[in-house]
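Me: I should like to learn how to read the sheets and the overall fold of a protein model. Could we work through an example together?

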Amino acid sequence: MTMLLVRRTVQRAVRTKCCRSFSASQTHLNERKGLVLGVFEKEGGLHLTEAAAGFDQNISGKLSELLKISGPALKKGKSRVFYGIHKDFPCVAVVGLGKTSAGVCGSENWDTSKENIRQAMSAGCRLLQDLEVNHVEVDGCGDAQSAAEGAALGLFQYDELKSKKKTKVTTKLHGSSDSTGWQKGVMYADGQNLARLLMEAPANHITPTAFANTIEERLALHAQRVTINKRSQAWIEQQQMGAFLSVSKGSEEPPVFLELHYNGSPDSKQAPLLLVGKGITFDSGGISLKPSASMDAMRADMGGAATVCASIVTAAALKLPVNIIGLAPLCENMPSGKATKPGDVVTAKNGKTIQVDNTDAEGRLVLADALCYGHTFNPRAIVNVATLTGAMDVALGSAATGVFTNSDWLWEQLHKASVVTGDRVWRMPLFQHYTRQVTDSQLADLNNIGKYSRSGGACTAAAFLREFVTAPHWAHLDIAGVMSNKDEVPYLRKGMSGRPTRTLVEFAAGLTQSG
Ligand code: BES
Ligand code: ZN
Ligand code: ZN
């Protein structure tokens, strides 16, 4: 009889999405509190996390009882919401975490347990956000950093420009003492969310100037350890960055060369890590105009600059003991009477001449000059990040960022970091085969497209960049495939992804250990 009553109450509560049979105490009039808990998969039974078990005990086993009677055991990522079972939490979401034993998976190249926690906490938080719960306590699930990442990444929605906005949700760790891990996770996710914000924002809002100002504002808190230079067109001309200028000249928006110095190492003389990001705030293709369908996505063609700058903001927030320099050549790629024309020849900062046969292959041009300039800082490693080629998306889709590198050591560092973050990388080739296809130009030293234009497009682009690198530890990350998310990454909503910001941060953090 009692069981029947409980079931009816649950069913009614689930149906109406509220519970009238229980009056929950609420401290503030407008505060609606919720709780997200995890439950592992276990043959023939329930396996609650430590926090969930504590909560269950607190309400005399009511949670496990409800879980049993409300349906089948929760599979990974599946959820159930209970209402009115605890006086402090009117809504409690329970989400499946998969198997306890998951761990690092050799074939998937990530830590499945961490991914499951991110997915579950993201799903639970979003469920409660949709119920207009504005304060959520989150189960640490034995890995508070991953739980925080899932929660903060899952809740992000770019609705700045909409009148109707999603409920703003504050989060807090529940049932765990690992506040350090939680804080770290929040900072990693905030970093990625900053990159998402910049990438998603329309190009008429995030112009080169607005981009640089936003980063400057975000770094203001860390002024002690950071210097910022927003270089003007005059400076870019003085630097003889002819390749960069050949892209910006078709637009009315002035270019900006953003230069960030984060001095986190106690040794101010320590050679910096150099991060370079492609910063095309809108890529129309220029005179080699792109088709209009989906051209709007090219507002995110500054994803390289966004992820690089966001990871420096995060490194500063985490006070990582490492020196980092960030460079972002920012401009629009537009067609106009002043724009570069197919067949034009331009001269890069290092004196190499480039025949611009396709003005839509502009990313490699702006990066070429930034890479030349970057070498003047004698960096310990150079990592450039760019939404460089549609061919990268064809090759790997959104599964992983493509990494082209001349350094096994650098590859190891990036790969190691990506296994932890779940924002994966995959190594791609830098064969001479591709170099030959970009060094064969009728008028100049190089051509900005491979001579068999469509074949191996991501690889010929990488080979082109290599012509501007003399450093022994360089990696080019082509992020065109991971630029946006439909539903592939379960803990990110649809939209620009901000990938691979967390991998860059984890990579930089790893360098503090490897000296
Ligand atoms: N920004 C694009 C690459 C891109 C495409 C990024 C789709 C994200 C999603 C880049 O500037 C470009 O247009 N590349 C050309 C190169 C080609 C002309 C050799 C491309 O990929 O088609
Ligand atoms: Zn382009
Ligand atoms: Zn582009």
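**Reading a sheet and its surroundings**

Reply: Let us start with one sheet of this predicted model. Three strands form an open sheet in the order β14-β15-β19, and their pairing is mixed.

Me: Which strands stand at the edges of this sheet?

Reply: The edges are taken by β14 (344–347) and β19 (446–447); each has a single partner strand, so one side of each is left without a neighbour in the sheet.

Me: How many bridges join β14 to β15, and which residue stands opposite Val345?

Reply: Strands pair if there are at least two bridges between them. Here β14 and β15 (residues 353–356) run antiparallel and are joined by four bridges. Within this pair, Val345 stands opposite Gln355 in β15.

Me: What does the secondary structure of the whole protein come to?

Reply: The protein has 16 helices and 22 strands. Its radius of gyration is 25 Å, close to the 24 Å that the globule rule gives for 515 residues, so the protein is as compact as a globular protein of that length. The C-alpha trace spans about 90 × 45 × 45 Å along the principal axes.

Me: How should burial and contacts be read?

Reply: A residue counts as buried under 20% relative accessible area; by that cut-off, 59% of the 515 residues are buried. Among contacts with a separation of 6 or more, 76% come from residues 24 or more positions apart.

Me: What of the surface and the charges?

Reply: About 21,500 Å² is exposed, 51% of it supplied by carbon and sulfur atoms. There are 56 positive and 48 negative side chains, and the centres of the two sets lie 6 Å apart.

How values were computed. Residues are numbered from 1 along each chain as its sequence is written. Chains are lettered from A and ligands numbered from 1 in the order in which they are written. This is a predicted model: local features need pLDDT of at least 70, side-chain atom pairs count only at pLDDT 80 or more; totals for chains, interfaces and linings use all residues. Side-chain values use heavy atoms; hydrogens and water are left out. Helices (H or I, at least four residues) and strands (E, at least two) are DSSP runs, numbered from the N terminus. The radius of gyration is taken over C-alpha atoms; the globule rule is 2.2 Å times the number of residues to the power 0.38. Buried means under 20% relative accessible area, exposed over 50%, partly exposed in between (1.4 Å probe, protein chains only). Contact means heavy atoms within 4.5 Å. Accessible areas come from the Shrake-Rupley method with a 1.4 Å probe; for residues, only the protein chains shown count as cover. Lys and Arg count as positive and Asp and Glu as negative; His and the chain ends are not counted. The place of a charge is taken as NZ of Lys, CZ of Arg, CG of Asp or CD of Glu.
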